[in-house]
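Me: I've got a structure open and would like to go through the reasoning behind the labels people put on it. Can we take it one question at a time?

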Amino acid sequence: TAIDPVNSGQFMVMGELFGVSTNTAAAGELFGLKTEGVYEQPVAATGVLETGTPIYVTEDGALTTDDEGNMRVGVHAGDAVSASGGYATARVRLSQP
């Protein structure tokens, strides 16, 4: 059940469970969560994301390449991409702990 509004394709974290929402839902409504697979998501990064670069999530739910105090959620599973404006569109392969 959504605590806040959820958009389809939004990266979500609930405790140690994470994934990508399958539908849009208002607060209090049910939504689906895919916990496996590869999804294009914006990732805070500098420089180039190489294939296999670890991806982490911050306390605020933002994806990043910074491991400092953040939970690992997967790896970049696409070709190398350059960050622009502090972000890169990564193909994040989810891996649950």
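Reply: Sure, what follows is a run of questions on this predicted model, with the reasoning behind each answer.

Me: What makes up the secondary structure of the protein chain?

Reply: Strands and no helix: the count is zero helices and 10 strands. Read along the sequence, that gives β-β-β-β-β-β-β-β-β-β.

Me: How do you know whether the radius of gyration of the protein chain agrees with a compact globule?

Reply: Set the value against the rule. For 97 residues, a compact globule would come out near 13 Å, and the protein chain has 13 Å, so the two agree. The C-alpha trace spans about 40 × 25 × 25 Å along its principal axes. As for burial, 32% of the 97 residues count as buried.

Me: Why are β1 and β3 said to stand at the edges?

Reply: Start with the sheet: it is open, has three strands in the order β1-β2-β3, and the pairing is antiparallel. β1 (11-14) and β3 (33-34) each have a single partner strand, so one side of each is left without a neighbour in the sheet.

Me: What makes β1 and β2 a pair?

Reply: Two strands pair if there are at least two bridges between them. β1 and β2 (residues 17-21) are joined by four bridges and run antiparallel, so they qualify. One detail to look for is Met14, whose bridge partner in β2 is Leu17.

Me: And how many bridges join β4 to β10?

Reply: Seven, and those two strands run antiparallel as well. Pro42, for instance, has Thr89 as its bridge partner in β10.

Me: Why is Phe18 called buried?

Reply: The cut-off is under 20% relative accessible area. Phe18 comes in at 0%, so it counts as buried. Phe18 sits in strand β2. Its C-alpha atom is separated by 8.0 Å from that of Leu33, which is 15 residues apart from Phe18 along the chain.

Me: Gln41 is a polar-contact case I'd like to check. Is Gln41 buried or exposed, and how do you know?

Reply: Buried: its relative accessibility is 9%, and the limit is under 20%, so it passes. Gln41 is in strand β4 (residues 38-44), where the side chains alternate. Tyr39, Gln41 and Val43 point to one face and are buried, while Val38, Glu40, Pro42 and Ala44 point to the other and are not.

Me: What makes the approach of the Gln41 side chain to Gly9 a polar contact?

Reply: The side chain of Gln41 reaches the backbone oxygen of Gly9 at 3.1 Å. A polar contact needs the pair to be within 3.5 Å, so that distance fits. Leaving aside neighbours within four places in sequence, the residues in contact with Gln41 include Gly9, Phe11, Val20, Leu63 and Val92.

Me: Which residues have the most contacts inside the largest nonpolar core?

Reply: That core has 15 residues, and the ones with the most contacts inside it are Phe11, Ile55, Leu63, Val73 and Val92. At least two residues each come from β2, β4, β6 (54-57) and β10 (87-94), and β10 gives the most, with four. Val92 is in contact with residues including Tyr39, Gln41, Val43, Ile55, Leu63 and Val75. There's also a second, separate core of five residues, among them Ala2, Met12, Ala25 and Phe31.

Notes: Residues numbered from 1 in each chain as written. Predicted model: local features only at pLDDT ≥ 70, side-chain atom pairs only at ≥ 80, totals over all residues. Heavy atoms only, no water. Buried < 20%, exposed > 50% of the residue type's maximum accessible area, 1.4 Å probe, protein only. Polar contact = N/O pair within 3.5 Å; in protein donor to acceptor, adjacent residues only side chain to side chain. Contact = heavy atoms within 4.5 Å. Rg over C-alpha atoms; globule rule 2.2 N^0.38 Å. Core = buried A, V, L, I, M, F, W, Y, C linked by side-chain atoms within 4.5 Å.
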